[in-house]
Amino acid sequence: VACSYHLNTTSRAMSLSLSSANTYSSTAQNIALCAAGGGRPKTTPTLTLFRRYSQRRRRGFPTRSSLTSDTFSDVNDDERKRKRAVLKEKLIESCRGTYRGAVGFSNDREREDIRNAKEALETFGAEEKEEEKDWMRNRLNGRWKLIYTTALDVTGLLVFSVPPPPLPFFPPPPIVVGDIFQEFKTDAKEIVNEIRASVPWVLEEKDGVILRVNATYKGVDDSSINSKKALELVFQEAVVSDVRISELTETLLAPAILPRSELNQRALLFLRDFEVRFPLFGRAARAMGGSDENGVSGAAVGRYEFSYCDEDVLIGKATGSQGIFIFTKDHQSQM
């Protein structure tokens with residue numbers, strides 16, 4: 001019995017070794033036939049695995065040994081960029097059609113949509129782990145265009161930006177408010193608030209006159225949460241300049257059919273070079289909501305906090321007026 005058991009075991013082992021040898025020999029024969037031009041070798045499990053591995057390597061598909069933390073971080077960065085772009089587009093889209101928040105021209109649903117889109121973008125920005133050191137120079141610096149605000153001192157002015165209905169018995173408004181910009185000059189620590197307006201029939205339809213309010217700022221040094229992204233503003237002066245009269249006004253001042261006298265030419269030059277500056281101190285400073293203690297010029301208007309800022313969108317809040325401001329970067333002025 002013992003001898004028969006050993007004979008059976010030995011025969012099984014020899015059969016297994018012979019089958020393995022036949023498998024490898026057939027594989028070698030197939031490869032040799034392929035190399036000699038004898039056609040495509042027969043598919044075997046060993047060749048199948050070898051081909052799959054070679055294809056993955058050639059296509060650049062990450063193998064188990066090549067997968068690192070950088071591979072997943074790149075995927076996460078791309079996903080965050082797509083999500084950021086979607087949130088920004090949603091905020092900008094929700095601000096359209098509201099006339100930048102003009103009083104009486106936006107309903108509760110529109111304001112709720114803007115608030116939700118704003119908070120979603122702010123929450124996304126707050127989750128950023130790495131904070132850019134020189135974010136003012138790299139992000140804040142430049143010219144920004146207002147697309148929405150809740151500040152009462154601005155929303156009342158924006159009523160004049162709404163075009164009147166196209167009816168003959170509706171007279172045009174006495175003044176038309178155009179684009180509103182805010183430019184940050186981080187090297188000089190200056191801010192220029194710019195309002196473009198026009199007077200129908202008297203000035204050009206767009207950019208008839210420009211009102212600028214120049215301000216200086218300094219960083220906030222305290223332990224508050226938003227101190228790293230907050231500024232203390234001081235308005236310095238208001239400037240009215242860049243007057244562009246309409247063709248009708250120029251015709252009335254200097255008719256083309258009559259020779260222009262020296263008085264007509266002086267009047268035209270005076271309007272083209274017109275510029276008036278109003279230093280903001282004393283009563284003017286108090287009217288702007290600030291004070292001029294110890295006779296120092298300028299109107300301190302409080303803190304300006306930023307809840308979100310990147311290369312395209314800026315969200316700020318003025319503590320004095322308790323209003324929010326949403327801007328988009330004016331990339332055309334950077335060219």
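The following dialogue asks how some labels given to this predicted model are justified.

User: What kind of model is this, and how are its residues numbered?

Analyst: This is a predicted model in which local features need pLDDT of at least 70, side-chain atom pairs count only at pLDDT 80 or more, and totals for chains, interfaces and linings use all residues. Residues are numbered from 1 along each chain as its sequence is written, and side-chain values use heavy atoms, with hydrogens and water left out.

User: Why is the pairing of D312 and K88 called a salt bridge?

Analyst: A salt bridge is a side-chain nitrogen of Lys or Arg within 4 Å of a carboxyl oxygen of Asp or Glu. The closest N and O atoms of D312 and K88 are 2.9 Å apart, so the pair meets that definition. In general, side chains of opposite charge can pair when their charged atoms come close. A search of the whole structure finds 22 salt bridges.

User: What makes D312 and K88 a tie between parts apart in sequence?

Analyst: D312 lies in the loop between β7 (299-309) and β8 (313-318), whereas K88 is in helix α3 (residues 69-95), so the pair ties together parts that are 224 residues apart in sequence. Helices (H or I, at least four residues) and strands (E, at least two) are DSSP runs, numbered from the N terminus; the chain has 9 helices and 9 strands.

User: Why is K88 called buried and D312 partly exposed?

Analyst: Buried means under 20% relative accessible area, exposed over 50%, and partly exposed in between (1.4 Å probe, protein chains only). K88 has a relative accessible area of 9% and is therefore buried, while D312, at 28% relative accessibility, counts as partly exposed. Of the 335 residues of the chain, 31% count as buried.

User: How do you know that E183 and R143 form a salt bridge, and where do they lie?

Analyst: Their closest N and O atoms are 3.9 Å apart, and the pair forms a salt bridge. E183 lies in strand β2 (residues 176-185) and R143 in strand β1 (residues 142-149), so the pair ties together parts that are 40 residues apart in sequence. With a relative accessible area of 25%, E183 is partly exposed, whereas R143, with 12%, is buried. Both belong to a network of salt bridges that also includes E194, R196 and D207.

User: What makes a set of residues a nonpolar core, and which residues have the most contacts inside the largest one?

Analyst: A nonpolar core is a set of buried Ala, Val, Leu, Ile, Met, Phe, Trp, Tyr and Cys residues joined through side-chain atoms within 4.5 Å. The largest has 30 residues, and those with the most contacts inside it are L140, F184, L231, F306, L314 and F325. A second, separate core of 14 residues includes L91, L121, F124 and Y308.

User: Why is the disulfide count what it is, and are C95 and C309 buried or exposed?

Analyst: A disulfide is a pair of cysteine sulfur atoms within 2.5 Å, and by this rule the count comes to 0 disulfides. C95, at 4% relative accessibility, counts as buried, and C309 is buried too, with a relative accessible area of 2%.

User: Why is W201 called exposed, and where does it lie?

Analyst: W201 counts as exposed because its relative accessibility is 63%, set against the cut-off of over 50%. W201 is placed in the loop between β3 (190-198) and β4 (209-219).
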